[in-house]
Amino acid sequence: MRARALLATYLTLGVVDTVLAASGVDGPRWVTKTLLMPVLIAFVWVAARPGARPDLRLPIGALAGGFVGDVGLLVDHDATFMIGMAGFAVGHVCYLLAFRRMGGTLSARRAVGYLLAWGATMALVWRGLDDLLVPVLGYSLLLTAMAAYAAGVGRRTGLGGTLFLLSDAVIALGIADVDLVPGQDAVVMPTYVAAQLLLALTWATWPFGRPHADEAVDRRSTASSG
């Protein structure tokens, strides 16, 4: 029951924050957006699969980094944006380490595919990033690496990484004043909320009974912790 309540709370916060963001109403987002990651951390802790709690430090660290990022991006200022990006970067490092510890792999074909996607995005935005070019290049490479390793853990986790890439790519387009489609900014929050949940579910048994990771990855993870 606690897991269901926490998941419902997270999804409700995500929907409300998405509506607020699309409506340009910023004040209440100091509640809705800042509560997202703490609620998700609580959900992961309660819904953790048997034996997974000793391994939760990295995913919880990733979500804590997301909390710093969420708060940093609420303030329209370059300094706080950099703090927020640093928070998300720490989160991606935590996810990367966690996926590698679980036995997640990175094939050459997948690495090339994700690098091509990264290059295409950077080609669209680099002219408009100005002073943010170097930090965004570094951050986006780290995010791309996280997403590529997430895909090696399982389909659900890989989808979470891909949605995170999409969400941040749209943010980069906005910073660079590149409008590919009308209303593109509206996809940032729903894709981000879904991405963090799908990534976090890697360590949860609920509501799907067991993680949708490859069985080989599960066996390697069990063997490494045994």
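1. A good place to start is helix H4 (residues 78–101), which holds both Tyr 95 and Phe 99. The two residues are four apart, about one turn of the helix. Keep in mind as you read on that this is a predicted model.

2. Both residues of this helical pair are shielded: Tyr 95 is buried, with a relative accessible area of 1%, and Phe 99 counts as buried at 0%.

3. Now to a pair that links distant parts of the chain. Phe 164 and Tyr 192 have ring centres 5.5 Å apart and planes at 80°, so they are edge-to-face, as the angle is over 60 degrees. Phe 164 belongs to helix H7 (residues 155–175) and Tyr 192 to helix H8, with their positions 28 residues apart in the chain. Both Phe 164 and Tyr 192 are buried. Ring pairs also bring in Phe 88, which forms a cluster with Phe 164 and Tyr 192.

4. As for the overall tally, there are six aromatic pairs. One of them is Tyr 95 with Phe 99: the centres lie 5.8 Å apart and the planes meet at 10°, so this pair is stacked, the angle being under 30 degrees.

5. A friendly word on confidence. The protein chain has an average pLDDT of 89, and 91% of the residues score at least 70. Among its elements, helix H8 (residues 188–200) has the highest mean pLDDT, 97, while helix H9 (residues 215–225) has the lowest, 43. Across residues 210–226 the pLDDT is below 50, and this stretch has 29 contacts in the model beyond near neighbours in sequence. Where pLDDT is low, the predicted coordinates should not be read in detail.

Methods:
Residues are numbered from 1 along each chain as its sequence is written. This is a predicted model: local features need pLDDT of at least 70, side-chain atom pairs count only at pLDDT 80 or more; totals for chains, interfaces and linings use all residues. Side-chain values use heavy atoms; hydrogens and water are left out. pLDDT is the predictor's confidence in each residue, from 0 to 100. Contact means heavy atoms within 4.5 Å. Rings of Phe, Tyr and Trp (its six-membered ring) pair if their centres lie within 6.5 Å; planes under 30 degrees apart count as stacked, over 60 as edge-to-face and the rest as tilted. Buried means under 20% relative accessible area, exposed over 50%, partly exposed in between (1.4 Å probe, protein chains only).
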